[in-house]
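Biologist: I would like to go through this model with you. Shall we take it one question at a time?

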Amino acid sequence: MNALIADARFHFHERLFETNTLTLTKAGVASNADTSSRGSKAIAGKIVDILVGEYHHVVNTADKISGQTLGKQFELLTMEFLQETFPYLQNIRPGQWSILQLGNNNRLKISDFEQYEL
């Protein structure tokens, strides 16, 4: 039996590939890379190599999706991961948690949260 976080992380990575949030271009560049940075391309490529090689995820080849779209998809998948795991961590991080995807078009802003109040 796998641990909750390990299972949720595997599912999170799987969803990154299924939704084409994480892909490779025809040139072999990962979609999470800054294409103008050789270092970024190397790190992003290594992440894909690990997820495919060690965890047997399947990566699609696709034209790069716009950064805005990828960002929204990544936010949504990250929110789902946190919603799936955070409620089980009350002994480590007690409190009432609201896990939201705010994005740029939401009426809430960072200053609406207590820790960022002015």
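Modeller: Let me start with a loop residue. This is a predicted model. Asn20 has a relative accessible area of 24%, so Asn20 counts as partly exposed.

Biologist: Where is Asn20 placed, and what is its phi?

Modeller: Asn20 sits in the loop between α1 and α2. Asn20 is not a glycine, and still its phi is positive. The value is near 60 degrees.

Biologist: Is His56 buried or exposed?

Modeller: His56 lies in the loop between α2 and α3. Its phi is positive too, about 60 degrees, although His56 is not a glycine. The cut-off for exposed is over 50% relative accessible area. His56 has 63%, so His56 is exposed.

Biologist: How many helices and strands does the protein have?

Modeller: Along the sequence the pattern reads α-α-α. The count is three helices and zero strands.

Biologist: Which residues form the salt bridge?

Modeller: Searching the whole structure turns up one salt bridge. Its closest N and O atoms are 3.2 Å apart. The cut-off is within 4 Å, so that pair qualifies. The partners are Glu18 and Arg15.

Biologist: How are Glu18 and Arg15 separated in helix α1?

Modeller: An α-helix has 3.6 residues a turn, so residues three or four places apart point the same way. Helix α1 covers residues 4–18, and the two partners are three residues apart in it. Their separation is therefore about one helical turn.

Biologist: What is the relative accessibility of Glu18 and of Arg15?

Modeller: Buried means under 20% and exposed means over 50%. Both residues fall in between, so both count as partly exposed. Arg15 has 26%, and Glu18 has 48%.

Biologist: What span does helix α2 reach?

Modeller: Helix α2 runs over residues 38–53, which is 16 residues. At 1.5 Å a residue, 22 Å is expected. From first C-alpha to last, the helix comes close to that, at 22 Å.

Biologist: Which residues of α2 are buried, and what do they pack against?

Modeller: Ala44, Gly45, Val48 and Leu51 are the buried residues of α2. They cover an arc of only 125 degrees around the axis, so they lie on the same side of α2. On the other side, Arg38, Ile43 and Asp49 are exposed. The buried residues pack against α1.

Biologist: What do the buried residues of α3 pack against?

Modeller: Helix α3 holds residues 67–85, 19 in number. Its end C-alpha atoms are 27 Å apart, which agrees with the span it should have at 1.5 Å a residue. Leu70, Leu77, Met79, Phe81 and Thr85 are buried there. They pack against α1.

Biologist: Which residues make the nonpolar surface patch?

Modeller: The patch is about 290 Å². Leu4 is one of its members and is in helix α1. A patch residue needs over 30% relative accessible area, and Leu4, partly exposed, has 36%. The makers of the patch are Leu4, Ile5 and Tyr88.

Biologist: What share of the residues counts as buried?

Modeller: The C-alpha atoms fill a box of roughly 45 × 40 × 25 Å along the principal axes. The protein exposes about 8700 Å², with carbon and sulfur atoms supplying 54% of it. Of its 118 residues, the buried share is 21%.

Key
Residues numbered from 1 in each chain as written. Predicted model: local features only at pLDDT ≥ 70, side-chain atom pairs only at ≥ 80, totals over all residues. Heavy atoms only, no water. Salt bridge = Lys/Arg side-chain N within 4 Å of Asp/Glu carboxyl O. Helix = DSSP H or I, 4+ residues; strand = E, 2+ residues; numbered from the N terminus. Buried < 20%, exposed > 50% of the residue type's maximum accessible area, 1.4 Å probe, protein only. Expected span 1.5 Å × (residues − 1). Arc of directions from axis to C-beta. Contact = heavy atoms within 4.5 Å. Patch = residues over 30% accessible without salt bridge, like charges linked within 9 Å, V, L, I, M, F, W, Y side chains within 5 Å. Areas by Shrake-Rupley, 256 points an atom, 1.4 Å probe, with all protein chains shown as cover.
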